Amino acid sequence: MRRRLLLSTLGVAAVAVLALGLPLLVVTVRLIDDASRNDLLREVQTVAAYVEDRLGTNDLQAARLGRLVPAGHRVRVDLPDGRVLIAGPDLDTPYTASAPVRDGGEVSVARPAGEVRSRQLRAGLAIGLAAVASIALAAVIAVFSARRLAVPLLAVADRAARLGAGDFRPSAARHGIEELDRVSDVLDTSARAIAAVLRRERDLASDVSHQLRTRLTALRMRLEEIALSEDAAVRTEAEAALEQTERLAGVIDELLAQARQARAEGAAEVDIGREVALVVAEREPTIRRLGREVVVDAAPGLVALASAGRLNQAVGVLVDNALEHGAGTVTVSARRSAQHVLVEVTDEGRGVAPELAPRLFERGVSGADGGTGIGLALARALVEADGGRLELRQPRPPIFVAFVPLAGSL
């Protein structure tokens with residue numbers, strides 16, 4: 001895009017320079033030519049007046065005539081009595097002007113054509129340099145404009161890519177370009193809408209799973225009671241029903257596993273240490289403003305299977321909560337377990353009230369005054385979307401743990 005914009009701007013500048021520069025060059029050449037001829041006419045008139053004043057006397061001399069015109073010009077005077085007075089050098093293809101004098105004489109003055117051509121050439125060079133400078137200025141403006149447009153476009157494209165990767169955080173960045181800012185607003189609106197749809201989908205799946213399992217458990221208990229009957233036929237039917245119930249429970253587990261796998265299809269191998277460091281680096285201005293300290297303790301070589309955007313957002317929610325609602329040093333650590341990478345976020349604050357801990361990840365539940373109760377619910381949904389889980393391991397001091405599947409564990 002930068003190249004196309006640069007070429008188009010240069011093309012427009014070149015057309016404008018040609019459309020204006022060529023006529024200007026032609027007019028300038030003609031003006032210099034006309035000015036030179038007018039100068040010659042003035043010189044001719046000066047010499048003619050001098051000659052007429054001295055006709056009939058012996059005061060007309062060629063040397064005096066030469067002093068009436070600039071050096072290098074040639075004067076010729078044809079007197080009425082047939083005499084010819086010449087002053088100045090012989091010239092090849094000169095510019096010439098003449099005028100009659102009283103009683104049938106004539107005065108002519110010539111100047112070197114090279115003088116006129118030299119002035120025309122200098123004027124042409126000046127116009128050419130101005131044209132080159134105009135094109136160079138257009139190139140600078142084109143580069144600046146291309147950069148001013150390309151950088152915001154790349155930022156918007158990156159925002160769209162992160163949205164596709166599952167990063168639903170709104171972006172406050174705007175670029176001062178109405179159309180691009182409109183696209184950014186639409187992307188933020190879409191991100192919120194998609195996040196809400198995914199939350200509703202996950203909540204529905206969770207509710208359906210819970211309800212089905214509860215009903216199946218009650219049915220299994222009832223069938224087990226019936227299977228204790230003394231009637232052999234009843235026991236046989238009860239055992240068959242129990243077998244079908246177990247199969248149905250297996251089908252439910254398989255469907256839920258497939259749903260989790262489908263949600264995690266966008267996952268890829270992610271360097272946990274790099275992502276955690278990136279999360280903290282993005283919050284450096286906030287950390288400095290609050291006068292807090294964030295310590296990163298991530299074991300090297302931890303590679304998990306997740307979406308970088310979703311993981312970044314989920315860990316970011318935990319760090320933001322620790323900075324906003326916690327106290328002291330915030331520690332973000334990462335270590336490996338059997339099948340997961342454990343990302344822990346803790347601080348030295350007062351933590352979570354025990355009565356609130358079981359409901360902390362529910363939407364609308366917040367442990368701080370003025371909290372929206374959205375962040376932790378969204379963070380858990382994002383981690384679960386990659387096949388992991390998010391838990392509050394310890395309420396005081398608070399320790400949040402994200403279990404992210406190890407690469408190759410699924």
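Start by selecting residues 330–336 and 340–346: these are strand E8 and strand E9, paired in the antiparallel sense over 6 bridges. Strands and helices here are DSSP runs numbered from the N terminus (E, at least two residues; H or I, at least four), and two strands count as paired if DSSP finds at least two bridges between them. Now pick Ser333 and look across to its bridge partner in E9, Glu344.

A word on what you have open: this is a predicted model, where local features need pLDDT of at least 70, side-chain atom pairs count only at pLDDT 80 or more, and totals for chains, interfaces and linings use all residues. Residues are numbered from 1 along each chain as its sequence is written, and side-chain values use heavy atoms, with hydrogens and water left out.

Next, widen the selection to the open sheet of 5 strands, ordered E6-E8-E9-E11-E10 with mixed pairing. E6 (294–298) and E10 (389–394) each have a single partner strand, so one side of each edge strand lacks a neighbour in the sheet. From one strand to the next, the twist averages 15°; angles run from 0 to 180 degrees between N-to-C directions, with axes fitted to C-alpha atoms, for helices over the stretch in contact.

Add helix H6 (residues 272–282), which packs on this sheet and touches E6, E8 and E9; contact means heavy atoms within 4.5 Å. The direction of H6 makes about 175° with that of E6. Then show helix H9 (residues 375–385), lying across E10 and strand E11 (399–405) at about 125° to E10.

Last stop: the open, antiparallel sheet of 4 strands, E2-E1-E4-E3. Within it, 7 bridges join E3 to E4 (residues 105–111), and Ser98 stands opposite Ser108 in E4.
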